[in-house]
Amino acid sequence: MIKKQLEEVKEKALEALSHADILDSLEQVRVRFLGKKGEVTAILSQMGKLSPEERPVIGQKANEVRGLIEKKIAERKEELSKAAAEQKLKSEKLDITLPGKRSRIGKKHPVSVVLDEIKDAFVSMGYSIADGPEVEYDYYNFEALNIPKSHPARDTQDTFYFSPEMLLRTQTSSVQIRTMEKRKPPIKILAPGRVYRIDEIDATHSPVFHQIEGLVVDKGITMAHLKGALDSMAKKLFGENVTTRIRPDYFPFTEPSAEISVSCFMCGGEGCPFCKNEGWVEIGGAGMVNPKVLEGCGIDSSEYTGFAFGMGLERLVMRRYRITDIRMLFENDVRFLNNF
Ligand code: PHE
């Protein structure tokens, strides 16, 4: 009786195995016949009912059947694994003769290239880099810089106001005040950053651009120090033969004030189309920090003096790379940016 059952189960198992064509269904077959609740296991549990003479005979038969099923499953498993691996290899076939896909590596924006050079030049002279907010109080952007509400200097620096007291900064000079409020001299900082002004966009104007502010406050600082710092930067940026020129100008927060120019690095100062035959190229403003501004920040102007300068970064970048339209610096067209 049991013997017959075993024969039947064996046939059923072999039949089932011949249909198992993926590894998953093979596992199902194993569970169905050899698992804890499997068909072979069920038959074996009836062994107890057998007579002592029958038991070894049937026991042997049962082991044979179980062994056979196990062996067949193992064989089939190996076949199926091999087939699966082959299938995988085929589907993942790699044609190493095809041209590769190059991943494009980005580049520093020309504005960052020049800014980094300028930072390097000043850091090597002992300056540290300072930072300030672009959304600024009227106080730091104008008032503390000796530009009260009625001052005509405000006309040339109109900007976006969030409220009567808060605006998009028009100049990095605000960082001068923030620094002097926090720290006592000696002070030696370079503050680069974005500034905003209401301006029609054209080849030389953008409502957003960058300035680089410099501030040095200590005992005995004179205009000669200012000239020396500017000369040193210009030489590092444009070459050893370049010099700077300062001429009288006006800024409410410096006294005396100066306009900074560098000798034309294209013609060496002789005059060429690049410098409009002037031999000089204007790069910014500067001057001795107005004692009123120092005092406003709690610095004793009888003990300390200082100089400050501010330069337009885009202008320097344009001169350096002979870019004729400022808009190119903000459009982020990779065909343009790839040139640097
Ligand atoms: N902030 C001035 C401007 O934007 C430039 C400047 C900076 C002048 C520092 C003197 C000293 O016009």
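A polar contact is a pair of N or O atoms within 3.5 Å; within protein, one must be able to donate a hydrogen and the other to accept it, and residues adjacent in sequence count only if both atoms are side-chain atoms. This is a predicted model, in which local features need pLDDT of at least 70, side-chain atom pairs count only at pLDDT 80 or more, and totals for chains, interfaces and linings use all residues. Residues are numbered from 1 along each chain as its sequence is written, and side-chain values use heavy atoms, with hydrogens and water left out.

**Ligand contacts**

Select the ligand and Q211: a polar side-chain atom of Q211 lies 2.8 Å from an oxygen atom of the ligand. Add R197, which has a polar side-chain atom 2.9 Å from an oxygen atom of the ligand. Then add S173, where a polar side-chain atom is 2.9 Å from a ligand nitrogen atom. On its own the ligand has 330 Å² of accessible area, and the protein covers 92% of that (Shrake-Rupley method, 1.4 Å probe).

**The shell**

Next, select the 14 residues that surround the ligand; the closest are Q171, S173, R197, Q211 and E213 (one heavy atom within 4 Å). By class, this shell holds five nonpolar, seven polar and two charged residues. Here Ala, Val, Leu, Ile, Met, Phe, Trp, Tyr, Cys and Pro count as nonpolar, Asp, Glu, Lys and Arg as charged, and the others, Gly among them, as polar.

Colour strand 6 (208–218), strand 9 (280–289) and strand 10 (305–312): each supplies at least two residues of the shell. Strand 10 gives the most, with three residues.

**Backbone stops**

Go to P185 and P186, whose peptide bond is cis, with omega near 5°. P186 is in the loop between helix 7 (174–182) and strand 5 (187–196). A second cis bond runs from E255 to P256, with omega near -5°; P256 is in strand 8 (residues 254–263). Then select N277, which is not a glycine but has a positive phi of about 65°. N277 is in the loop between strand 8 and strand 9. Most residues other than glycine have a negative phi, and most peptide bonds are trans.

**Whole chain**

Zoom out to see twelve helices and ten strands (DSSP runs numbered from the N terminus: helices are H or I, at least four residues; strands are E, at least two). The C-alpha atoms fill a box of roughly 125 × 50 × 35 Å along the principal axes. The protein has a radius of gyration of 42 Å, whereas a compact globule of 340 residues would have one near 20 Å (taken over C-alpha atoms; the globule rule is 2.2 Å times the number of residues to the power 0.38).
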